Amino acid sequence: MLLETTYSNKKNKELINDLVGKPFSLLSSMKLKGVGSKRMIIEDVSPNLKKYLNTVSDVNYGSIELRPGGILIAINKGLQNFTWVIPYYQFYLYKTNGISIHAQGKFVHFRNNRTHQENAPFFKKLTRLKTEYDQRFPHVDSI
């Protein structure tokens with residue numbers, strides 16, 4: 001599910017909290033050593049996400065936020081912000097030349113550059129949380 005989150009909206013906030021859980025508490029985020037990635041360059045997206053990227057030759061940026069039941073991918077398009085809400089049971093991570101995140105028939109591919117290497121501990125944490133979720137709540141694809 002992709003939401004326009006430029007401005008705070010109570011309806012969007014409730015929807016996000018229902019799908020992937022409320023944000024981690026301050027203590028939990030300190031135990032996890034952070035719940036957000038650094039800003040990364042988006043190299044490619046699926047055709048159904050192209051309308052959420054800059055149309056001119058600007059660089060497109062995105063970041064990832066961890067939630068107890070999934071992740072949020074923030075995409076910036078000019079002055080607008082969009083958030084892709086992905087529950088863990090729909091989430092797949094591929095380590096290609098960079099990182100590719102697939103869910104709901106869409107994908108985002110982040111470029112392999114310096115910020116990607118700086119986010120390596122974040123992706124290890126993300127993989128660990130996804131594995132823990134799959135062990136607690138197994139579904140057909142993870143068996």
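These questions and answers deal with the terms used for a predicted model.

Q: Why is the contact of Glu-118 and Lys-38 called a salt bridge?
A: A salt bridge needs a side-chain nitrogen of Lys or Arg within 4 Å of a carboxyl oxygen of Asp or Glu. The side chains of Glu-118 and Lys-38 meet at 3.4 Å, N to O, so the pair fits the definition.

Q: What makes this pair a tie between parts of the chain?
A: Glu-118 lies in helix H3 and Lys-38 in the loop between helix H2 and strand E2, so the salt bridge ties together parts that are 80 residues apart in sequence. Lys-38 and Glu-118 are also linked with Arg-114 in a network of salt bridges.

Q: Why is Lys-38 called partly exposed?
A: Partly exposed lies between the limits of 20% for buried and 50% for exposed. Lys-38 has 43% relative accessibility, so the term applies.

Q: What separates Arg-128 and Glu-132 in helix H4?
A: They are four residues apart, which means about one helical turn. Their side chains meet in a salt bridge of 3.1 Å, N to O.

Q: How do you know that strands E3 and E4 pair?
A: Pairing takes at least two bridges found by DSSP. Six bridges join E3 to E4, so the two strands pair. They run antiparallel and form a hairpin with two residues between them.

Q: What makes E4 and E5 a pair of strands?
A: Eight bridges join E4 to E5, and at least two are needed, so these strands pair as well. In their hairpin, Gly-78 takes a positive phi near 60 degrees.

Methods
Residues are numbered from 1 along each chain as its sequence is written. This is a predicted model: local features need pLDDT of at least 70, side-chain atom pairs count only at pLDDT 80 or more; totals for chains, interfaces and linings use all residues. Side-chain values use heavy atoms; hydrogens and water are left out. Buried means under 20% relative accessible area, exposed over 50%, partly exposed in between (1.4 Å probe, protein chains only).
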